Amino acid sequence: SDSMPSSSKRLLKRKRFHNFCPHILAHDFLSYRRLDRIFHRATIRLEGPSSSDDDSSAVPTIKNRPFVVFSLTGDLFLQEQAVRIIGLLIAICRGVIDDDIIDCIFDEEFTTLVPAPPAPCIGLLSGEATYMTWEGRMKAILNARRTDRYSKGWNDEEVVRAVEEWESTVLNDVASSWYCDGVAVDGRLNSENQWLENVLYPWAKETRVLLADYRRWKASKDTITTLDTSLLPSIESIDHVVSPLFEKVLYHLRQADEGGLWPSTSDGRQQVMLSTSNDGSQAALSVSHMAAKKNKESRSSAYSFKEGSGGASGSFSVGAMPGKQCSQPKGNSLFPELVKAAFELEVALCPDREPSSTIAINRNAQFRPHTDNGAGAGQSTSLIVGLGNYMGGDLVVEGAKKDIRYKAIEFDGWKERHWTLPFQGERYSLVWFTPKGCEGVRGIDLNIGTAA
């Protein structure tokens, strides 16, 4: 297809490949990978029995079917990265998705996860490793190839020819494996048909919806920093009536904010929050990552971001923290009445749930896709609820949208990827959890004093 060369070039150079790996997210340092080259390495036509020349209805067999070998080179490949790159290119070439999906997948400011489709692993193999740095140090060729750069190493013609023969045998064996599931009446490989019907077409249907969202978001980007408000109902349409169950906590949340004491956010946590500074700028993930790596104690002011519409204005924890060596949250002494009311709210919302030891309290925070650090202790799930006058701001858990405004839900924050959709207005959220190391600690039983 003519679209293959142009599309593949847009995947090259160093980019964030978090949408090409099921276990890496955009803020993870490992997601920033370099892809150097994608090229057609060979076309294989296997030797074997062929269809009878006088049988026009015969199914095409091994002998007349070409297999194309694509080679990808880069500095490090993430799990499933190679098969998802090929899967995405196939999707574009087959016309099941438009090629601007590439812009969508690599746009780090678009926080929604848009995973690329994995091609079948049948044809995947690790081709070779290069050792250019060590070759220079040792003055020897370390992977077999024809070159006269150094006299020592694996550049002897006999060695190179033997390696080439072995590689040819491997490629033929891999190509033959596509026939393991047989051939359909129409001549297509069953393994191909199964992938199209079970993976590619369902992926394309879901991803076309995400691509449409991306296009609307991108079109509004020049005038609205983080949100296309045309996608949301008017803020005036919000039901401002607050259930008595939430009144006390919401009152103390607003008091904490209005008092100007909302705690700052660590740079490490800021990496998973989509933040717009008051000057309108947004720090790139690479910049945020290096800041957090160089100074883990650095913190972002709670009032240095735009209000509403996803501008992060602080995230902090209260309750108990694991380990005797860990200092307890300052929020305990700053906002003792808020802490008490928040732990009481958990019990009121879920009386059958084991009371948590810790609460994450967020104000106007739009989170990127992430999983929570550490692990749970006893609890397999976190509990979350949203409060305030806002529109939008649904929680997304592994692609499923959850309306949490005054509706508490449980999810596995340590294993399930979750993030916040754009919103407008005043949005608070409380997340109750028990981290490893806080076994048996109940936040509602803590003796939390008042600020000095």
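This is a short conversation about reading a small sheet and some aromatic contacts in a predicted model.

Colleague: I'd like to start with the sheet. What is the order of the strands in the open sheet of 3 strands?

Modeller: Good place to begin! The order is β13-β12-β15, and the pairing is antiparallel. Now look at the outer strands: β13 (400-402) and β15 (418-420) each have a single partner strand, so one side of each has no neighbour in the sheet. From one strand to the next, the twist averages 25°.

Colleague: How many bridges join β12 to β13?

Modeller: Strand β12, residues 395-397, is joined to β13 by 3 bridges, and the two run antiparallel. To find one of them in the viewer, pick V396 and look across to β13, where its bridge partner is K401.

Colleague: Let's turn to the aromatic rings. How many aromatic pairs does a search of the whole structure find?

Modeller: The search finds 13. To read a pair, look at the distance between ring centres and the angle between planes; over 60 degrees counts as edge-to-face, under 30 as stacked, and the rest as tilted. Take F316 and F335: their centres are 5.8 Å apart and their planes meet at 45°, so this pair is tilted.

Colleague: Where do F316 and F335 lie?

Modeller: F316 is in strand β8 (residues 315-319), while F335 is in the loop between α10 (331-334) and α11 (336-349), so the pair ties together parts 19 residues apart in sequence.

Colleague: Are these two rings buried or exposed?

Modeller: Buried means under 20% relative accessible area. F316 has 7% relative accessibility, so it counts as buried, and F335 counts as buried too, at 8%. Both also belong to one aromatic cluster, together with W262 and Y428.

Colleague: Why is the pair of Y390 and F423 called edge-to-face?

Modeller: Apply the angle rule again: the planes of Y390 and F423 are at 70°, with the centres 6.4 Å apart, so the pair is edge-to-face. This pair links distant parts of the chain, with Y390 in strand β11 (residues 390-392) and F423 in strand β16 (residues 423-425), 33 residues apart. Y390 is buried at 2% relative accessibility, and F423 is buried at 0%.

Colleague: Which residue lies over the face of Y390?

Modeller: That is R427, at 5.4 Å from the ring centre. Now check F423 as well: R427 lies over the face of that ring, at 5.5 Å from its centre. Try showing Y390, F423 and R427 together in your viewer!

Definitions and conventions. Residues are numbered from 1 along each chain as its sequence is written. This is a predicted model: local features need pLDDT of at least 70, side-chain atom pairs count only at pLDDT 80 or more; totals for chains, interfaces and linings use all residues. Side-chain values use heavy atoms; hydrogens and water are left out. Two strands pair if DSSP finds at least two bridges between them. Helices (H or I, at least four residues) and strands (E, at least two) are DSSP runs, numbered from the N terminus. Axes are lines fitted to C-alpha atoms, for helices over the stretch in contact, and angles run from 0 to 180 degrees between N-to-C directions. Rings of Phe, Tyr and Trp (its six-membered ring) pair if their centres lie within 6.5 Å; planes under 30 degrees apart count as stacked, over 60 as edge-to-face and the rest as tilted. Buried means under 20% relative accessible area, exposed over 50%, partly exposed in between (1.4 Å probe, protein chains only). A charge sits over a ring if NZ of Lys or CZ of Arg is within 6 Å of the ring centre and within 35 degrees of the ring normal.
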